[in-house]
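Got the viewer open? Grab the selection tool and follow along, one stop at a time.

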Amino acid sequence: MAALVAVLVAVLVAAALGCTPAPAPPAAQVDGARIVEREPVGERGQALTVASRALGRETPVRVLLPRGWTRGSGPWPVLYLLHGCCGAGHLGWVDEGGAQRLTGELPAIVVVPEGGRVGFYSDWVRGPKWETFHIEELIPLIEAEFGAGPDRAVAGLSMGGLGAMVYAARHPGLFRAAASFSGVLDTTGDRSGVRRLLRENGEDPAALWGEPDGQAWNEHNPARLAERLGGVPLYVSCGDGEPGPLDPPGASGDFEGALLSQAKVFAERARAAGAEITTDFYGAGTHTWPYWERALERALPMLRAAIGA
């Protein structure tokens with residue numbers, strides 16, 4: 001009630017003086033996207049809602065600001081963290097992946113965008129345009145709103161590992177480094193698995209990259225794009241699917257081993273292309289958050305060096 005009275009008094013005083021209160025700052029926007037809602041979360045976080053032309057709807061983005069950030073400061077280095085499929089979405093990195101703790105002293109902006117339940121960080125043949133949203137809309141929006149600079153790195157888990165490598169390969173020079181944790185890194189080697197995943201999540205498999213023999217599959221396959229990553233610092237980690245030291249007692253094995261095979265194919269091709277690649281094929285370990293949190297911690301020194309953070 002006291003706050004409401006104070007607002008009314010301010011309005012009446014302004015009217016008596018023949019002026020109007022200063023308008024609120026306009027919402028940040030760039031061509032195709034604008035911030036329509038924001039909410040502070042903790043000491044460093046901002047939960048954004050972004051209206052996207054590429055997606056045709058609003059979508060959430062979490063931003064973690066570095067210590068010392070103030071409006072108008074910068075340019076700041078940026079780390080983009082991409083989530084995997086089928087689970088908690090982008091908030092998994094914050095709620096389960098330790099992103100806030102691990103980047104607490106990082107002098108860089110951390111951006112954790114939504115990428116769709118099975119969006120595969122792609123412009124669908126029939127459907128959302130996630131790549132356009134992230135590359136052409138979100139990056140300029142973060143620059144305009146938070147003072148982000150051109151020194152960017154990208155890392156992701158599972159489906160997000162594909163996104164990190166595909167974005168780095170398809171947009172040369174946009175990212176200084178890329179990292180994949182248990183990533184989907186050879187989609188044409190596992191077409192049936194990707195299509196099954198889409199069906200299980202209520203999507204038409206042909207709506208993503210078209211029919212399995214189409215060129216779009218190659219254009220979104222990290223193993224086929226590895227030749228474009230020469231000179232880019234890369235980090236690739238994966239377990240073998242057997243229960244390991246970070247699994248609870250009685251845990252069962254899972255499909256992580258299939259992703260390990262993909263990671264080895266990708267690493268061999270990236271190394272042949274001249275990429276500066278660090279691999280961590282750590283043996284026992286399942287497709288679960290404790291291993292991805294550890295992977296981010298291990299990859300951070302390389303990512304920080306690449307973006308000068």
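## Stop one: odd backbone spots

Select Ser158: with a relative accessible area of 9%, this residue is buried. Keep in mind as you click around that the model is predicted. Ser158 sits in the loop between strand 7 (148-157) and helix 5 (159-170), and its phi is near 55 degrees, a positive value in a residue other than glycine. Most residues other than glycine have a negative phi, and most peptide bonds are trans.

Now jump to Tyr121, in the loop between strand 6 (109-113) and helix 4 (130-146). Its phi is positive too, near 50 degrees. Is Tyr121 buried or exposed? Tyr121 is buried, at 0% relative accessibility.

One more for the backbone list: select Gly74 and Pro75 and check the peptide bond between them. That bond is cis, with omega near 5 degrees. Pro75 belongs to the loop between strand 4 (57-64) and strand 5 (76-82).

## Stop two: the cysteines

Select Cys85 and Cys86. A disulfide joins the two, with an S to S distance of 2.3 Å, and the count for the structure is 1 disulfide. Put a dihedral on the S-S bond of Cys85 and Cys86: the torsion is about -85 degrees, so the disulfide is left-handed. Both ends are partly exposed, Cys85 with a relative accessible area of 22% and Cys86 with 25%.

Then pick Cys238. Why is there no bond from its sulfur to Cys85? The closest cysteine sulfur, in Cys85, is 14 Å from the sulfur of Cys238, which is too far for a bond. Cys238 is buried, with a relative accessible area of 0%.

## Stop three: Tyr291

Head for helix 11 (residues 289-307) and select Tyr291. This tyrosine is buried, with a relative accessible area of 0%. Show what surrounds Tyr291: leaving aside neighbours within four places in sequence, its contacts are Gly244, Pro245, Leu246, Asp247, Tyr282, Ala284, Gly285 and Thr286. Draw a distance from the Tyr291 side chain to the backbone nitrogen of Gly244 and you should get 3.4 Å. For a longer ruler, try Val184: its C-alpha is separated from that of Tyr291 by 16 Å, with the two positions 107 residues apart along the chain.

## Stop four: charged pairs

Colour by charge next; a search of the whole structure finds 13 salt bridges. Start with Arg53 and Asp31, where the closest N and O atoms are 3.3 Å apart. Arg53 is in the loop between strand 3 (45-52) and strand 4, and Asp31 is in the loop between strand 1 (29-30) and strand 2 (33-41), so this pair ties together parts that are 22 residues apart in sequence. Arg53 is exposed at 59% relative accessibility, and Asp31 is exposed at 63%.

While Arg53 is on screen, add Glu137, in helix 4. Glu137 is buried yet has no salt bridge; Arg53 is the nearest side chain of opposite charge, 5.5 Å away. A salt bridge needs a nitrogen to oxygen distance within 4 Å. Contacts of Glu137, leaving aside neighbours within four places in sequence, include Asp31, Gly32, Ser52 and Arg53.

Stay on helix 4 and select Glu145 with Arg38. This salt bridge has its closest N and O atoms 2.8 Å apart. Because Glu145 lies in helix 4 and Arg38 in strand 2, the pair ties together parts 107 residues apart in sequence. Glu145 is buried, with a relative accessible area of 8%, whereas Arg38 is partly exposed at 33%.

Next pair: Arg176 and Asp151, with closest N and O atoms 2.9 Å apart. Arg176 is in the loop between helix 5 and strand 8 (177-181), and Asp151 is in strand 7, 25 residues apart. To finish here, select Glu131, Arg170, Glu219 and Arg228, which salt bridges with shared partners join into one network.

## Last stop: the nonpolar cores

Select Tyr80, Ile109, Phe120, Leu234 and Phe266. Among the 65 residues in the largest nonpolar core, these touch the most other members. Then light up the second, separate core of 27 residues, which includes Leu64, Leu81, Leu106 and Met302. Zoom in on Leu234 to end the tour: not counting residues up to four places away in sequence, the residues it touches include Met165, Ala178, Phe266, Ile277 and Met302.

Note on methods: Residues are numbered from 1 along each chain as its sequence is written. This is a predicted model: local features need pLDDT of at least 70, side-chain atom pairs count only at pLDDT 80 or more; totals for chains, interfaces and linings use all residues. Side-chain values use heavy atoms; hydrogens and water are left out. Helices (H or I, at least four residues) and strands (E, at least two) are DSSP runs, numbered from the N terminus. Buried means under 20% relative accessible area, exposed over 50%, partly exposed in between (1.4 Å probe, protein chains only). Contact means heavy atoms within 4.5 Å. A polar contact is a pair of N or O atoms within 3.5 Å; within protein, one must be able to donate a hydrogen and the other to accept it, and residues adjacent in sequence count only if both atoms are side-chain atoms. A disulfide is a pair of cysteine sulfur atoms within 2.5 Å. Lys and Arg count as positive and Asp and Glu as negative; His and the chain ends are not counted. A nonpolar core is a set of buried Ala, Val, Leu, Ile, Met, Phe, Trp, Tyr and Cys residues joined through side-chain atoms within 4.5 Å.
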